[in-house]
Amino acid sequence: MNKRLTHNTWPLVIFLAAFLLRLIYLLQYRSNPSFYLPMVDELWHLEWAKDIIGGNFWGSEAYFRGPLYPYVLAAFLKITGDSLFWVRLLQAVIGSLSAVMVYLIGRRLFVPAVGIIAALAYAAYGTIIFYETMLLIPVLFIFLNLVAVYLLLRYQGSISSKHWLLAGLVVGLSAIARPNILILAPIFLVWIYLSFHAVDTRRKISLAAVFLVGTLIPVLSVTARNYMVTGEPILISSQGGVNLYIGNNPETEGLTMLMPELDLNESLPWTEFAEATRIAAERESGHSLTAAGESSFWTKKALVFIVSNPGKFIGITFKKLVYFLIGFENSDQTDIYFSRTYSSLLSLLIWKSPIYFPFGLIVPLALIGMMLSWPRRRELALLYVFIIGYIPTVILFLVTARHRLAVIPFLLLFAAFGGIALKDFAVKREWRKFTGYLALFLIALILGNRTYFDIGFENTAQIHFNLGLTYERQGDLGRAESEYLE
């Protein structure tokens, strides 16, 4: 009993620490006037969830985006009686479990100390706390990804079909939350095949196939639903083409939603956004379009732009890669840095000076950790694959703080390892190694905390516009007018 308690002490401590921080943050952040009146994607998800609860369970059109989170949100609303505070608190529980998963992965791949440091860093990571408690997909997507990676590691070498079916199911659930993960599924299959040693080829292939079946069960269930509703075999959602074009068009700058055909702003609800993109596509094409046809239309426009403007495409893609790697948190829902005014805790966990903390510190440390871990690259392949393989799924579209969250747990593991390694070099007086890697860390720190291109600005006008919309929705027209004028 004592041994089991000791073994489970750190997961419990990490969970409680993560949950306490999220609870404190929520209690403070309630002072934000938009806490109970969400906008943009939060509003999209809330309206979708209420529509589900209201009786339109299956919907009448193809899913515009991955449907898993809105259905989970609907369940949370049902449980809490539509209380957004309690919904956000339930999401804090999921986020706290994610911190525990970081520990379990770190303990398995490195040493317990790496798992503890990385998990506590995750628990206190301000940007993650900020987004995990919003009505957005990352809280669910990150958790499912961490569970998937943990199961893959735990079942490595297992010849049990049940194990690989379960791991595949989790990846499939992640895919219907956000389809990006599917780009990594083929790599997972190769990893599974190569993870076996004293197993014949036929058995390796069959177990990898079981994993694939598990992945496809949730995905094809959504495909079947889309087909039954629309008559079109849309894999998961119809948003892919629109998103690709938003990230690759003549007005793209890689940070915000810009389309020459539409005036996009925070007052546009999700139902109207989907309809607006459809109308714009039909107007230009000259005929009516189905959901699949619309997605195909925007995909073709994006590809035409890429092929016709290769130099501009390479340039904007490079800019987006820079945006992804540097410390500045590009907000796309509400300004993260301005939101610090509503929470003293958040102001301690996120800042812009003298470095963009925390991402601006984590990436240089993770780079050192990845370099020092390279001799163990086969053993740590899943971590490298997730970080390196996931980046293209972001920079092909828009780079925001929210969209790069998925790699942070894995960066934290490498960062913890890198930090411990630097300390060990100093303790053991291995000064040559210490100074060499410290120099690389400092160079990466400087490069990752500079302002490049259009990034690093605070859109004050947008902040006041959003506040004006919120007060107007509350019926406080005087304060709304004041914010609009400001």
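This report covers the nonpolar cores, salt bridges, one helix and a surface patch of a predicted model.

**Cores**

The largest nonpolar core holds 137 residues. Ile 105, Leu 152, Trp 164, Phe 188, Phe 386 and Phe 414 touch the most other members. Helix H4, residues 84-109, gives the most to this core, with 14 residues. A second, separate core has 18 residues, including Ile 246, Phe 273, Ala 276 and Leu 289. In soluble globular proteins, nonpolar side chains tend to be buried together.

What does Phe 386 touch, leaving out residues up to four places away in sequence? Its contacts are Asn 145, Val 149, Ile 181, Leu 184, Phe 188, Ala 406, Val 407 and Phe 410. Phe 188 is also among the core residues that touch the most other members.

**Salt bridges**

Side chains of opposite charge can pair when their charged atoms come close. The structure holds 11 salt bridges. Three of them are listed here.

| Pair | Closest N to O | Burial |
|---|---|---|
| Glu 132 and Arg 22 | 2.8 Å | Glu 132 buried, 1%; Arg 22 buried, 0% |
| Asp 41 and Arg 402 | 2.9 Å | both buried |
| Arg 376 and Glu 379 | 2.8 Å | Arg 376 partly exposed, 27%; Glu 379 partly exposed, 42% |

Take Glu 132 and Arg 22, which meet in a salt bridge. Glu 132 lies in helix H6 (residues 126-132) and Arg 22 in helix H1 (residues 2-29), so the pair ties together parts 110 residues apart in sequence. Is Glu 132 buried or exposed? Glu 132 counts as buried because its relative accessibility is 1%, and buried means under 20%. Arg 22 is buried too, at 0%.

Asp 41 forms a salt bridge with Arg 402. Asp 41 sits in helix H2 (residues 40-53). Arg 402 sits in the loop between helix H18 (381-395) and helix H19 (408-427), so this pair ties together parts that are 361 residues apart in sequence. Both residues are buried. The pair also belongs to a network: Asp 41, Arg 65 and Arg 402 are linked by salt bridges.Arg 376 and Glu 379 also meet through their side chains. Here Arg 376 is partly exposed, with 27% relative accessibility. Glu 379 is partly exposed as well, at 42%.

**Helix H5**

How does the span of helix H5 (residues 112-123) compare with the expected value? At 1.5 Å a residue, its 12 residues should span 16 Å, and the end C-alpha atoms are 16 Å apart, so the two agree. The buried residues in H5 include Val 114, Gly 115, Ile 116, Ala 118, Ala 119, Tyr 122 and Ala 123. An α-helix has 3.6 residues a turn, so residues three or four places apart point the same way.

**Pro 186**

Pro 186 is found in helix H9, residues 185-194. Its relative accessible area is 47%, so Pro 186 counts as partly exposed. Pro 186 and Leu 212 are 26 residues apart in sequence. In space, their C-alpha atoms are 8.8 Å apart.

**Surface patch**

Which residues form the nonpolar patch on the surface? They are Leu 367, Met 371, Leu 440, Ile 443 and Leu 447. Together they have about 420 Å² of accessible area. Helix H17 (359-373) and helix H20 (431-447) each give two or more residues to the patch. H20 gives the most, with three residues. Ile 443 lies in H20.

Conventions: Residues are numbered from 1 along each chain as its sequence is written. This is a predicted model: local features need pLDDT of at least 70, side-chain atom pairs count only at pLDDT 80 or more; totals for chains, interfaces and linings use all residues. Side-chain values use heavy atoms; hydrogens and water are left out. Patches are made of residues with over 30% relative accessible area and no salt bridge: like charges are joined within 9 Å, nonpolar side chains (Val, Leu, Ile, Met, Phe, Trp, Tyr) within 5 Å. Accessible areas come from the Shrake-Rupley method with a 1.4 Å probe; for residues, only the protein chains shown count as cover. A salt bridge is a side-chain nitrogen of Lys or Arg within 4 Å of a carboxyl oxygen of Asp or Glu. Helices (H or I, at least four residues) and strands (E, at least two) are DSSP runs, numbered from the N terminus. Buried means under 20% relative accessible area, exposed over 50%, partly exposed in between (1.4 Å probe, protein chains only). The expected span of a helix is 1.5 Å times one less than its number of residues. A nonpolar core is a set of buried Ala, Val, Leu, Ile, Met, Phe, Trp, Tyr and Cys residues joined through side-chain atoms within 4.5 Å. Contact means heavy atoms within 4.5 Å.
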